[in-house]
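Student: Got a minute to walk through this one with me? I'd like to start with the ligand.
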Amino acid sequence: MKKTPVYLLITLILFSSCSKKNKSFPENFLWGVAVSAFQTEMGNREGTNNDPNSDWWLWTHFNVENNTGRVSKDLPENGPNMYDLYEMDFDNAKSLGLNAFRLSIEWSRIFPDDSGIPVAKEVAHYHQVFQALRERGLKPLVTLHHFTTPLWLHDPLWFIDRANHGNGPKGWLDDRTVHEFVKYAEFCAKEFGEEIDLWATINEPMVVSIGGYLNPLPGNAFPPNELNPEHMVTATINLMKAHAGAYRALKQYDNIDADGDGIASFVGIVQSMTDFAPLDETDEDDKVAAEHASYLLNKWFLNAVARGVLDSNLDGEAEPSPELGPTVDYIGVNYYTRMRVYKLAPIFPDYQFIDFLPSFPEDCENNPCSDMDYMIYPPGLYNVLLIASSYGFPLYITENGIADADDNQRPQFIRDHIAQVLRAINDGMDIRGYFYWSLVDNFEWALGFSKKFGLFSFDPATKVRTMRPSAEVYSEIIGD
Ligand code: GAL
């Protein structure tokens, strides 16, 4: 194992003592941006950085080539090429005054097949990326799974193209994926532990399972795009097991304190959290609908991994499950919007809690909304932080951002949401960082490049980044 070079330690100490941070926030508060590998890495002219070995690669290519209408016409290989341009992006992040950066490792780059042999070139690449962050005083927060799974574990077409793919591996429906994910986490802990202390196992597991098996949104399809509540439950529970196994592997095998703060590994889950509210505040049924939505999407997973109780058939009754939890050192909260929901009769007879629908996107007729048709509602961030803090662990806001192509709404969005973070801290919540999604525009999954979340845009032909005015707003808040 290599030791941290002395010059790097000196750089880190100098950077932390020279940087002037907003004094209203705790001293070691992390100010960052968030990206993910699949959404940002690809895009060089020669295509040498393309990674065709993940489920999302095949998913987007198949649907675009066959014009199925499930996804946009965009392809990930036309992205910002962060794989080559990461130093420029990290310079940009540093120039804003940030001290942290959230990114993910692409599992299928390191393990493109089932041989168990890591690709040395890709391992070396991520070492370089992490070193580049640390040299700039940006603490890496590394996610192991950000929506994409290697093809050898998940054939995303097994449902929509059964004739040709029906026998393919079924991703999070298979125990094997859980087992392999834990092995991958163990590998990352041993390989990158000397550079990384802050880990997230899985990004938004409920979006993976609900998106894959219960998603009613046409044109915004997640693989495998099946409507099947049993599979949604199986996938969710496997994601819980995968998280718990990965947590234990990271804690066991990353025992190198990379930045000298006394902590070798601090490991969490990243949960998508929405501020659910009844469509009609006076309607008892709608109130129940909002509770059910919050139970299913905000709390069910956290109850398992942060409290160690599992509701295995989604009926509101949970049993102790020490296998699953508590297996978090912190909870990562991703917050984008408030959703008003209304009550339906249960959609599936065996699942009484799946009995609501959001009034999204109709809410945008009377409320300010983003280019995603998400209602802009800053107090909702406070509301979900309240839920997350009730589990008794430290919190990071691991994503918060807005799709806003003309950058009209983003400045106020950032100010208002950070004000809610400060409100939560002043009310006693243990919040340790805020990561804006995203540094640069990127591939917004099934919606492609049209949704622009970046503090920087990029030119599709030259990949040159241009800073948006809102980036300065964020920078000023950090330095206040
Ligand atoms: C989150 C996801 C990110 C990004 C963001 C913006 O759900 O983790 O990858 O796409 O939404 O919609």
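Tutor: Sure. A residue is near a molecule if its C-beta atom, placed from the backbone, lies within 6 Å of it. Keep in mind that this is a predicted model.

Student: Okay, which residues surround the ligand?
Tutor: The list runs Ser36, Gln39, Asn203, Glu204, Val207, Ser272, Asn334, Glu399, Trp437, Glu444, Trp445 and Phe453.

Student: How does that shell split by class?
Tutor: Five residues are polar, four are nonpolar and three are charged.

Student: Ser272 is in that list. Which way does Ser272 point from S5?
Tutor: Ser272 points the way of Phe266, Gly268, Val270, Thr274, Phe276 and Pro278. Val267, Ile269, Gln271, Met273, Asp275 and Ala277 point the other way.

Student: Is S5 buried or exposed?
Tutor: Buried. Strand S5 covers residues 266-278, and 13 of the 13 are buried, so the strand is largely enclosed by the rest of the structure.

Student: Which strands pair with S5?
Tutor: S4, residues 198-203, pairs with S5 in the parallel sense over four bridges. S8, residues 330-343, also runs parallel to S5, with 10 bridges joining them.

Student: Where are the bridges, residue by residue?
Tutor: Between S4 and S5, Ala200 has Gly268 as its partner, and Asn203 has Val270. Asn203 is also one of the residues around the ligand. On the S8 side, Ala277 of S5 is partnered with Arg340.

Student: What about S4, covered or open?
Tutor: Mostly covered. Six of its six residues are buried.

Student: What else does S4 run parallel to?
Tutor: Strand S3, residues 139-145, joined to S4 by four bridges. One bridge pairs His145 with Ile202 in S4.

Student: Switching topic. How many residues are in the largest nonpolar core?
Tutor: 141. Val33, Ala185 and Val305 have the most contacts inside that core.

Student: Which helix gives the largest share of this core?
Tutor: Helix H10, residues 229-253, with 12 residues.

Student: And what does Val305 touch, leaving out residues up to four places away in sequence?
Tutor: Met240, His243, Ala244, Ile269, Leu324, Gly325, Thr327 and Val328. Ile269 should ring a bell. Ile269 belongs to S5, where it is buried and points the other way from Ser272.

Methods. Residues are numbered from 1 along each chain as its sequence is written. This is a predicted model: local features need pLDDT of at least 70, side-chain atom pairs count only at pLDDT 80 or more; totals for chains, interfaces and linings use all residues. Ala, Val, Leu, Ile, Met, Phe, Trp, Tyr, Cys and Pro count as nonpolar, Asp, Glu, Lys and Arg as charged, and the others, Gly among them, as polar. A nonpolar core is a set of buried Ala, Val, Leu, Ile, Met, Phe, Trp, Tyr and Cys residues joined through C-beta atoms within 7 Å. A residue is buried if 20 or more other C-beta atoms lie within 10 Å of its own, exposed if 12 or fewer, and partly exposed in between; C-beta atoms are placed from the backbone. Helices (H or I, at least four residues) and strands (E, at least two) are DSSP runs, numbered from the N terminus. Two residues are in contact if their C-beta atoms, placed from the backbone, lie within 7 Å. Two strands pair if DSSP finds at least two bridges between them.
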